[in-house]
Amino acid sequence: MPTSVNFAARLFELLLIVQEFTVLCVQTVAGLVRPPWYLREIMLQLDRIGVGSLFIVMLTGLFTGMVLALQGAVQLEPYGATMYVSRLISESVVRELGPVLAALMIAGRVGTGIASEIASMQVTEQIDALRAEGTDPIKKLATTRLAACLIMIPLLTVITNCIAILGGWLVARLYLAIDSYFYWTWAFEAIQLDDIVQGLVKPLIFGFIIAMVSCYAGFSTKGGTAGVGVSTTQSMVYSSILILASDFFITKFFMAFA
Amino acid sequence: MIEFENVWLSLGDRLILKDVSFAVQPGETRVILGGSGSGKTTLLRLALGLYRPDKGGIKVAGRDITGLPEGDLFGIRQQMAMVFQDAALFDSLSVRENVGYRLWEQGLLSDEDIEQKALESLRFVGLDDILDKMPAELSGGMRKRVGIARALASGAKILLYDEPTAGLDPINTCVIGRLILRLKTMGVTQVVVTHDLDTTYRVADRIILIIKGRLAFDGTPEELRRCEKPEVRQFLDPGSMPSEWKPLPNSNGMADEPLVRPIATPGTVS
């Protein structure tokens, strides 16, 4: 087949995926504002996504803060500014590292879980069974997971940020011998209102990306159990790429209006 | 109750159904026979509105469902219940929750009434002692019976079965056959997709035979036994075919015209 035909076919396929993804997003978001609400399912997902991910995001935050303190101290030492390391930690964690690293960890833990669960339901006809029982599977499965992600991922990000700054303090206090009062004063001094807004808007968007990409990967599963593996991998890969790419554009957006 | 009129359906580049027409009357037990990949299950999915035909029309309870949006189909589906091939029980729910699922969703009954209905349905299929088990803990036969209990509890007027006896031992096959017969005596409209001839002759009021996506036969079990059409005889008694015979798939993976290769007589096969 000529290359141009191949390219056109691939492009058409890509456009079809974008169209399907957009339709799924619209239907899922529309489900947020019309009953039934599936509160029991939302509570279950809040627990799975929130409580279930708490340990991993706390560890991520702790070690990120500790490493930042070590690396920051090395960079600031020639200028005699090691004592200001908490400024560097708090600002970089709240603005960038906290939201992005937490989102990547949650995409790995929660996103793949959502994708594999829905994919398994797809290949074992459980999605068809839901439809046959008169249930809208998008509302039951996608909307509930989106709601849980939108609530829990910003909360988890705030926890990651706090633990990261705490981890930085541990290294600053025990390894760099920086005074605690000095550390915390400069840590809070560095954070401005727009940092907090940016640090909360990002996880909200990342939560949307994780939920929707994972649900789409699950619903579009084909090819039996092998397809479940493919969908799970796809959800992780595409979520990560979209998180990193959108982070750049959100940052650009905030810088333009700062 | 269910009417198919000149239904055509393609999935991807495969032509699945070609000009299929039949009607299922209220209270009738209709068996859809056919080989693997002949399009039997697709007929059930079309009846539920899970697929939409390319051409032709489908009516359920007098209402044309062909062009209905998904939201309106949910109401139509409340009148039907399907027993899927592998039961398709919800993994995350217990047997009790699976059986009472539709009633929970409808929210019209109290929790106690739903429990009672679930228990009655499970008692009907002889499984009232496994209420709190999870689907993963059940055998294939038990899963199918729970699937039937789920369909019964929903109070649907039409029950659709996709290969209810596939992969089951003779005892479980017999149990499922008896359940279908009991429901038949209760006046439930049933459509059973199978390639199990014994079960077919036991339960069917009328039978249709689908071969390569085409309706090859529509009639009573007695008429099927007497039918002399070569493709029907081939399906009913494949052992009578000469060993050299092989189906010839076309580019769609389906044999096209002629549906049946002429049977070679001894001495003419090289």
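# Tour of a two-chain model

Start with helix H8 of chain A and select its buried residues: A:Val228, A:Ser231, A:Thr232, A:Gln234, A:Ser235, A:Met236, A:Ser239 and A:Ile243. The model is a predicted one. Show H3 and helix H7 (193–219) of chain A next, since the buried residues of H8(A) pack against them. Then display the whole of H8(A), residues 224–257. With 34 residues at 1.5 Å a residue, H8(A) should span 50 Å, and its end C-alpha atoms are 48 Å apart, which agrees.

Keep H3 of chain A on screen and turn to the largest nonpolar core, which has 129 residues. Within this core, the members that touch the most others are A:Ile210, B:Met82 and B:Leu160. Helix H3 (residues 85–123) of chain A supplies the largest share of the core, 18 residues.

Centre on B:Met82. Leaving aside residues up to four places away in sequence, B:Met82 touches A:Ala132 in chain A. Its contacts in chain B are B:Leu44, B:Leu48, B:Ala151, B:Leu160 and B:Asp162.

Now colour the contact between the chains, to which chain B gives 13 residues and chain A gives 11 residues. On the side of chain B that touches chain A, helix H2 (70–77) and helix H4 (101–106) of chain B are the elements that give two or more residues. H4(B) gives the most to that side, with three residues. By class, this side of chain B has eight nonpolar, one polar and four charged residues.

Move on to helix H7 of chain B, residues 170–185. Its 16 residues should span 22 Å at 1.5 Å a residue; the end C-alpha atoms are 23 Å apart, which agrees. Select B:Thr173, B:Ile176, B:Gly177, B:Leu179 and B:Ile180, which are buried in H7(B). Because these residues cover an arc of only 155° around the axis, they lie on the same side of H7(B). An α-helix has 3.6 residues a turn, so residues three or four places apart point the same way.

To see what the buried side meets, add four elements of chain B: strand S3 (29–34), helix H6 (140–153), strand S8 (189–194) and helix H8 (197–203). The buried residues of H7(B) pack against these elements. Rotate to the face of H7(B) turned away from its buried side, where the exposed residues B:Pro170, B:Ile171, B:Arg182 and B:Thr185 are found.

Finish at B:Gly187, which follows H7(B) and has a positive phi, near 85°.

Notes
Residues are numbered from 1 along each chain as its sequence is written. Chains are lettered from A and ligands numbered from 1 in the order in which they are written. This is a predicted model: local features need pLDDT of at least 70, side-chain atom pairs count only at pLDDT 80 or more; totals for chains, interfaces and linings use all residues. A nonpolar core is a set of buried Ala, Val, Leu, Ile, Met, Phe, Trp, Tyr and Cys residues joined through C-beta atoms within 7 Å. A residue is buried if 20 or more other C-beta atoms lie within 10 Å of its own, exposed if 12 or fewer, and partly exposed in between; C-beta atoms are placed from the backbone. Two residues are in contact if their C-beta atoms, placed from the backbone, lie within 7 Å. Ala, Val, Leu, Ile, Met, Phe, Trp, Tyr, Cys and Pro count as nonpolar, Asp, Glu, Lys and Arg as charged, and the others, Gly among them, as polar. The expected span of a helix is 1.5 Å times one less than its number of residues. The arc is that of the directions from the helix axis to the C-beta atoms.
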